[in-house]
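Colleague: Please select one part of this model for a close look and describe how its side chains are placed and paired. I would welcome a connected account that also sets the part against the chain as a whole.

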Amino acid sequence: QVRGLCGTYNWDQQDEFTTPAGDVELGIIAFTNKFRVPGTCPAPGPVPLDSCDAFAGHRELVEAACAILLGATFQ
């Protein structure tokens, strides 16, 4: 019953980009835009931003969040 930015964990890669509305996007930009809150961050362009360059002041927060996603809980 998991879905969203982390995928569905059902071993079916065809539904990994399922949006909150339940549709499946084909590209990463369209998919991430479905989760973006308007006015809180810029819409991504054709090439995703490097989070470390775009939000340099948040590097420690980003690294801590990535450590959780790369940790034992999600393996």
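Modeller: Helices here are DSSP runs of H or I with at least four residues, strands are runs of E with at least two, and both are numbered from the N terminus. With that settled, the part I have chosen is the segment before H1, in which Tyr9 lies, together with helix H1 itself, which spans 28–35. The model is predicted.

A brief view of the chain comes first. The chain contains 3 helices and 0 strands, and its pattern along the sequence reads α-α-α. Of its 75 residues, 12% are buried. Where contacts join residues at least 6 apart in sequence, 11% of those contacts are between residues at least 24 apart. The exposed area of the chain comes to about 6100 Å², and 61% of that area is supplied by carbon and sulfur atoms.

The aromatic side chains offer a convenient entry to the chosen part. There is 1 aromatic pair in the structure. Its members are Phe17 and Phe31, whose ring centres are 4.9 Å apart and whose planes stand at 25°. Planes under 30 degrees apart count as stacked, so this angle places the pair in that class. Phe17 belongs to the segment before helix H1 and Phe31 to helix H1, so their pairing ties together parts that are 14 residues apart in sequence. The partners can also be described by their accessibility: Phe31 is buried, at 3% relative accessibility, while Phe17 is partly exposed, at 28%.

Thr32 also relates helix H1 to Phe17. Thr32 is placed in helix H1, and its C-alpha is 8.8 Å from that of Phe17, although the two residues are 15 apart in sequence. The side chain of Thr32 reaches the backbone oxygen of Ile29 at a distance of 3.1 Å. With a relative accessibility of 27%, Thr32 is partly exposed.

Charged side chains connect the segment and the helix as well. Side chains of opposite charge can pair when their charged atoms come close. In this model the count is 2 salt bridges. One of them joins Asp23 to Lys34, with the closest N and O atoms 3.6 Å apart. Asp23 lies in the segment before H1 and Lys34 in helix H1, so this bridge ties together parts 11 residues apart in sequence. Both partners are intermediate in exposure: Asp23 is partly exposed at 30% relative accessible area, and Lys34 is partly exposed at 43%.

A salt bridge is also formed between Glu25 and Lys34, at 3.4 Å from N to O. Asp23, Glu25 and Lys34 are thus linked in a network of salt bridges. The side chains of Glu25 and Lys34 additionally make a polar contact, at 3.4 Å.

Glu25 deserves particular attention, as it brings several of these residues into one picture. Glu25 is placed in the segment before H1. Its relative accessible area is 18%, and residues under 20% are buried, so Glu25 falls in that class. Setting aside neighbours within four places in sequence, Glu25 is in contact with Phe17, Thr19, Ala30, Phe31 and Lys34. Among these contacts are Phe17 and Phe31, which are the partners of the stacked aromatic pair. Lys34 is another of the contacts of Glu25, and Lys34 also forms a salt bridge with Asp23.

The segment before H1 contributes to the surface too. Tyr9, which lies in that segment, is partly exposed, with a relative accessible area of 48%. Tyr9 forms a nonpolar surface patch with Ile68, Leu69, Leu70 and Phe74, and the accessible area of these residues together is about 540 Å².

To draw the account together, the segment before H1 and helix H1 are tied by the pair of Phe17 and Phe31 and by the salt bridge of Asp23 and Lys34. Glu25 is in contact with Phe17, Phe31 and Lys34, among others, and shares a network of salt bridges with Asp23 and Lys34.

Key: Residues numbered from 1 in each chain as written. Predicted model: local features only at pLDDT ≥ 70, side-chain atom pairs only at ≥ 80, totals over all residues. Heavy atoms only, no water. Phe/Tyr/Trp six-rings, centres within 6.5 Å; stacked < 30°, edge-to-face > 60°. Buried < 20%, exposed > 50% of the residue type's maximum accessible area, 1.4 Å probe, protein only. Contact = heavy atoms within 4.5 Å. Areas by Shrake-Rupley, 256 points an atom, 1.4 Å probe, with all protein chains shown as cover. Patch = residues over 30% accessible without salt bridge, like charges linked within 9 Å, V, L, I, M, F, W, Y side chains within 5 Å. Salt bridge = Lys/Arg side-chain N within 4 Å of Asp/Glu carboxyl O. Polar contact = N/O pair within 3.5 Å; in protein donor to acceptor, adjacent residues only side chain to side chain.
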